[in-house]
Amino acid sequence: MIDSEPSGRARFPLMPSTRKPEFDQNPKIGARRDVLARILKVSLVLSLGFAASCGGSLYRVKPPTELPAMPNSAPSANVGSLTFRATPLLSDEQSQELFESNLQVAGLLPVRVEIGHNGGEPVELKKARFHLRDASGAEWKPISLKQAISRILKANDITAYNPNSRKAFEKEFRAYELDLKTPLTSAERKRQGFLIFLAPGKAPVASPQGLELTIDGLAQAATLKLN
């Protein structure tokens, strides 16, 4: 019913409130809300922690500064102004120690190379070419460390990862790459790094025998029998 005020204006009756005061006062509902808030807070902390952990490298690569000295037994070849020494990482344990990843299962053979300057003028290295053959005469293809990274991830079935983690791994892994772009001088004396070779048929590396590394493209060629 509509009531009329003396002024002639209609006055509508107040509608009853639909709000239930007991909603905010009910202890059970308040407790549930507190539990939900705590769950959301913990979830946020865990999510932030997971995101931070994903920002690191895919593998824990040992810094090149921690690389032990080249073994005294490493094969060497003197070609006048330069001396080459080299040794392959034949076992999974050796590659795991440095790169925390199994390069051999990816068909990759890392060969550590050291180049010594014997005095005189700087020597250009950009024309140097390295060839690796085994006892059967099969040639192992040299590949870049960036190509090697793709094979490592594929061989280990790593398909989902934080892009920043891959970038970190690439940076740490490629720090081991042998620099052949910069001339070697007598002031530097020695330079070392790794070359990566892909096994014939891209097969996993398993105790290759009769490995022989040949270096040409320089004033004088050199050959090192690695095992």
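## Exercises on helix packing and sheet order

In this predicted model, the buried residues of helix 5 pack against helix 3 (92–99) and helix 4 (145–155).

**Exercise 1.** Determine which residues of helix 5 are buried, and describe the span and the N-terminal end of this helix.

*Solution.*
1. Helix 5 covers residues 163–174, 12 residues in total, and extends 16 Å from its first C-alpha to its last, close to the 16 Å expected at 1.5 Å a residue.
2. Under the criterion of less than 20% relative accessible area, the buried residues are Ser-165, Arg-166, Ala-168, Phe-169, Glu-170 and Phe-173.
3. At the N-terminal end, Asn-162 acts as the cap, with a side-chain oxygen 2.8 Å from the backbone nitrogen of Asn-164.

**Exercise 2.** Establish where the buried residues of helix 4 lie around its axis, and what covers them.

*Solution.*
1. The buried set consists of Leu-145, Ala-148, Ile-149, Ile-152 and Leu-153.
2. These residues span an arc of only 135 degrees around the axis, and therefore lie on the same side of helix 4.
3. An α-helix has 3.6 residues a turn, so residues three or four places apart point the same way.
4. The cover includes strand 5 (108–117), strand 7, helix 5 and strand 8 (190–198).
5. Just after helix 4, Asp-157 adopts a positive phi of about 55 degrees.

**Exercise 3.** Identify the strands at the edges of the open sheet.

*Solution.*
1. Eight strands are arranged in the order 3-4-5-8-7-6-9-10, with antiparallel pairing.
2. Strand 3 (76–78) and strand 10 (222–225) each have a single partner strand, so one side of each lacks a neighbour in the sheet.
3. From one strand to the next, the twist averages 30 degrees.

Methods:
Residues numbered from 1 in each chain as written. Predicted model: local features only at pLDDT ≥ 70, side-chain atom pairs only at ≥ 80, totals over all residues. Heavy atoms only, no water. Pairing = 2+ DSSP bridges. Helix = DSSP H or I, 4+ residues; strand = E, 2+ residues; numbered from the N terminus. Axes fitted to C-alpha atoms, helices over the stretch in contact; angles between N-to-C directions. Expected span 1.5 Å × (residues − 1). Buried < 20%, exposed > 50% of the residue type's maximum accessible area, 1.4 Å probe, protein only. Contact = heavy atoms within 4.5 Å. Polar contact = N/O pair within 3.5 Å; in protein donor to acceptor, adjacent residues only side chain to side chain. Arc of directions from axis to C-beta.
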